[in-house]
Amino acid sequence: MCVTCGSTYPFEARRLRCDCGGLLDVQIDVDGAPSPEALAATFESRLPSRLPQDLSGVWRYRELVLDLPADDIVTFPEGRTNLYALDPTPLGLSALWAKHEGENPTGSFKDRGMTVAVSWARHQGARALICASTGNTSASLAAYGARAHLPVFVLIPEGKIAQGKLAQALAYGAHTLQIDGNFDDAMHAVEQMAMHHNLTLVNSLNPFRLEGQKSIILDSFFQLGQMLPDWIVVPGGNLGNTSAFGKALIEMKALSLIDRVPRLAVIQAEGASPFARAAQGNFQHFEPMQPETIATAIRIGNPVNYDKAVRAIRFTNGVVASVTDAEILQAKHDLDRQAIGCEPASAATLAGLRRLTREHVVRPGESVLLIITGNLLKDPDTTIALATGQTAALGVPGTPSLDTCTNQPRHVPSDPETIAHIIEEELQ
Ligand code: F0G
């Protein structure tokens, strides 16, 4: 169903947009669904199962995601990522959790959407799969495409994706096309190609991707004992997660799985913050921008899911904030030192939460869930620079405090006595 004009199309229509240009939603049959108790019992009953589709933290919720024949499902499995309790006291909160989506098979939340988009594509007999990416989508598609034995083409902005992600796309055999432009240019190109050249697009413009990403909320709900916190904080780039979370919460409310809706806080990097700017004007006006940020995953100036993301913010009484690259690096450093570890875009969550508590938007005593979207190993260059106090080399202004956090590897002789002596010194 179109989110702009309400037109409906059959599932098999293989459309990316409505005739009016609006974004499309997969419709869940809320009225025909079982009771919330029955749904919860079904989901919980799958926990001890060893079937791949039950082990998956996406397909476990298939009644609210997509019901496909088991043979069509391409799963590793994914999801069921850990939810870590962090110390809430420095921010005056009652509870603080981090859900680590970097624990997915290819190291980011994209796997949750990709398992659904690729399974659906295989079910429909797709010829080849294509996406634009700042890196993680390409890594994830390369992996799921390889498992599905389907050819994969990925378009990435040359020189602007983190090494770990490029390594994955190449290693898993994706045809990797680097373009001169940025992600937004690549996104525009793949949409045109998908329309005219019988290629299946699996960016979050594809509504089936978002059905899979709803499971981040469902997983969190069950991991927290069938409750959700006051706030859910997520980084915003192409706004796929924002849209998926909004849809998940709309449906969970309609199904009476929840009665109170948590507030979404979407955090963007200041240099790539068109959604945050639009939010300041209550979404009356949207202006794309030339994106620039150290957090390459969210280096996006014209998010395709804008309309759905506005719906998500309105439904959840949510907020959109932006943070500087220096704040992102500081937050990454602090998460890394707790061994939560993440790529820069994910650290925008903690940076944003700090800002929102300072500004009294998030209030003392409230509970918060941070969505850590990608693994630390995705971006080894930034991680090493940060850990060794070489942030000046990253060209991010305002990070002098981080330059004192030097954890340099030390050269030592291979003699145990000398090494033991050095260890004793370090322990002083
Ligand atoms: N965090 C990470 C680690 C990402 O890779 C992305 C998006 C986001 C946050 C933003 O999520 O687009 O749903 O708002 N990465 C995409 C990609 C664009 O191509 O890998 P969003």
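Colleague: Happy to look at this with you! Which residues are the closest of the 20 that surround the ligand?

Modeller: In this predicted model, a residue counts as near the ligand if one of its heavy atoms lies within 4 Å of it. Residues are numbered from 1 along each chain as its sequence is written, and side-chain values use heavy atoms, with hydrogens and water left out. Local features need pLDDT (the predictor's confidence in each residue, from 0 to 100) of at least 70, side-chain atom pairs count only at 80 or more, and totals for chains, interfaces and linings use all residues. Of the 20 residues around the ligand, the closest are Ser133, Thr134, Asn136, Gly237 and Thr373.

Colleague: Nice. How far is an oxygen atom of the ligand from a polar backbone atom of Gly237?

Modeller: Polar contacts here are pairs of N or O atoms within 3.5 Å. The side chain of Asn136 places an N or O atom 2.8 Å from a ligand oxygen, and a backbone N or O atom of Leu239 also lies 2.8 Å from an oxygen of the ligand. For the polar backbone atom of Gly237, the distance to a ligand oxygen is 2.7 Å.

Colleague: And how much of the ligand's accessible area does the protein cover?

Modeller: Accessible areas come from the Shrake-Rupley method with a 1.4 Å probe. On its own, the ligand has 480 Å² of accessible area. The protein's cover amounts to 99%.

Colleague: Great! What is the average pLDDT of the chain?

Modeller: At least 70 is the score of 99% of the residues. The chain average is 96.

How values were computed
A polar contact is a pair of N or O atoms within 3.5 Å; within protein, one must be able to donate a hydrogen and the other to accept it, and residues adjacent in sequence count only if both atoms are side-chain atoms.
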